[in-house]
Amino acid sequence: MQKADYKKLMKLASLAGKILLESNAEEYRVEDTTYRLLASSGLDSPASYSNTTGLFLSLTDTSQTDWHFSNMVRITHRASNIQAIASVNEVSRLYLAGQLTLDQAYDQLKAIPKDRYQGTVSFTNILLTVAVALLFGANFMDLGLLLVIGLAIAYLDQVKQRVYFTPFSYPLLVMTLATSLVLTLDGLFPYYFHHNLVLAAILIPFYPGTSITNAMRDFLRGDNLAGITKALDALMVVLAIAIGISIGILITRTGFNLFA
C-alpha cells in the first residue's frame, strides 16, 4: 500500500465504525470490524478502541515512524438498525476477501441508508400493539383506538426524521400524548375501553429490549464501560416512558377536575 491508500483505509474503518456505533452495535463488534480493516494494511500496530459515544483508531508502522495515522469519531446519535449492521459486516467481509477495492468498499458504506425501513417499522409497530392487545382480551373499541394512536405515532416517526428528538424526549412526548388521549376518551366514554390494556400495548414498541440485550452481551464479554452506558441508555428510556405516562395522568385528572 502507498501512503494515500493508508489514509483511505483509515477513512473506510472510521466510516464502518461510525455506522456500527450509530446503529447500536455491540462494542466488541465495532472494535473487531475496524481492527480487521486496519490490520489488512500490513502495518504492525493497528489499534481500535470504541465506546458508545466515540471511536478511536490508530494505524502505525514502528519501522516507519513518519507513517502514523489516527482518527477520532464522535457519535452523537444512536438508534437500533440491524440492517445497517448487517450491511457493514457484509462490505467488510467482501473487502477483506479481496472482492472489493478500497474505493468500492467506501462507496458501498456511504450508500447504506440509515432509515431504509422506517415505514415498515412503523407499520410493524402498529401490528405489534394490536397483537399484544388481542392477546390480553381487547375489544373492538380498544383495537380501533390502538389503530388511531398507531397511525399518529407513525406520523410522529416521520416528523422525527426532520426534527431532532433525544432518545429521552421522544418516548416521553409520545407516551404523554397517548396517555392523555386514552384517559380522556375513557373518562368521556366509560366502560368502552380498557385503558390499562391500551396503554400497556402502546409502550411495548418503545421498550428498549435491544439496548438491554446489547448491554448484557457487552458485560459478558468484559466490556463493562460499554455495558454500563447501554444499560443507562435503556434506563433513561424506561424513565421517559414512566414520566410520560405520569404526566398524561396528571394532565387528564387536572382537566377533568377543572371541568367537573
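Is arginine 36 buried, partly exposed or exposed, and at what relative accessibility? In this predicted model, arginine 36 counts as partly exposed, at 48% relative accessibility. Exposure over 50% would be needed for the label exposed, so arginine 36 falls short of that class. Its salt-bridge partner is aspartate 32. The closest N and O atoms of the two are 3.0 Å apart. Both residues lie in helix α2. Four residues separate them, about one turn of the helix. Aspartate 32 is also partly exposed, with a relative accessible area of 36%.

Side chains of opposite charge can pair when their charged atoms come close. The count in this model comes to seven salt bridges. One of them links lysine 8 and aspartate 103, with closest N and O atoms 3.4 Å apart. Lysine 8 lies in helix α1 and aspartate 103 in helix α4, so this pair ties together parts that are 95 residues apart in sequence. Lysine 8 is partly exposed, at a relative accessible area of 35%. Aspartate 103 is partly exposed too, at 42%.

A further salt bridge joins lysine 230 to aspartate 218. Here the closest N and O atoms are 3.5 Å apart. Lysine 230 belongs to helix α10 (residues 224-259) and aspartate 218 to helix α9 (residues 209-220), so the pair ties together parts that are 12 residues apart in sequence. Both lysine 230 and aspartate 218 are buried. Salt bridges with shared partners also join Glu26, Arg29 and Arg217 into one network.

Next come the nonpolar cores. The largest has 31 residues. Leu12, Ile19, Leu59, Val88, Tyr95 and Leu109 have the most contacts inside this core. Six elements give two or more residues to it: the helices α1 (3-22), α2 (27-39), α3 (82-96) and α4 (102-110), and the strands β2 (54-61) and β3 (64-74). The most comes from α1, which gives 10 residues. Isoleucine 19 shows how distant parts of the sequence meet. Leaving aside neighbours within four places in sequence, isoleucine 19 is in contact with Ala84, Val88, Leu109 and Ile112. A second core is separate and has 24 residues. Leu145, Val174, Met175 and Ala201 are among them.

The domain assignment gives domain 1 (3-111) and domain 2 (118-259). Their C-alpha centres lie 35 Å apart. At the boundary, 12 residues of domain 1 are in contact with 13 residues of domain 2. The size of an interface is often given as the accessible area lost when the parts come together. Between domain 1 and domain 2, the buried area is about 1100 Å². Carbon and sulfur atoms give 45% of this area. On the side of domain 1, Asn24, Glu26 and Tyr28 lose the most area to domain 2. Together these three make up 46% of what that side buries.

Polar and charged pairs also cross between the domains. Two salt bridges are counted between domain 1 and domain 2. Arginine 217 forms a salt bridge with glutamate 26, and their closest N and O atoms are 2.7 Å apart. Six residue pairs are in polar contact between the two domains. Helix α2 gives the most to the side of domain 1 that touches domain 2, with three residues. Helix α2 also gives two or more residues to the largest nonpolar core, and it holds the pair of aspartate 32 and arginine 36.

Conventions. Residues are numbered from 1 along each chain as its sequence is written. This is a predicted model: local features need pLDDT of at least 70, side-chain atom pairs count only at pLDDT 80 or more; totals for chains, interfaces and linings use all residues. Side-chain values use heavy atoms; hydrogens and water are left out. A nonpolar core is a set of buried Ala, Val, Leu, Ile, Met, Phe, Trp, Tyr and Cys residues joined through side-chain atoms within 4.5 Å. Buried means under 20% relative accessible area, exposed over 50%, partly exposed in between (1.4 Å probe, protein chains only). Contact means heavy atoms within 4.5 Å. A salt bridge is a side-chain nitrogen of Lys or Arg within 4 Å of a carboxyl oxygen of Asp or Glu. Domain bounds come from an automatic or database domain assignment. Buried area is the accessible area (1.4 Å probe) that two parts lose on being put together, summed over both. A polar contact is a pair of N or O atoms within 3.5 Å; within protein, one must be able to donate a hydrogen and the other to accept it, and residues adjacent in sequence count only if both atoms are side-chain atoms.
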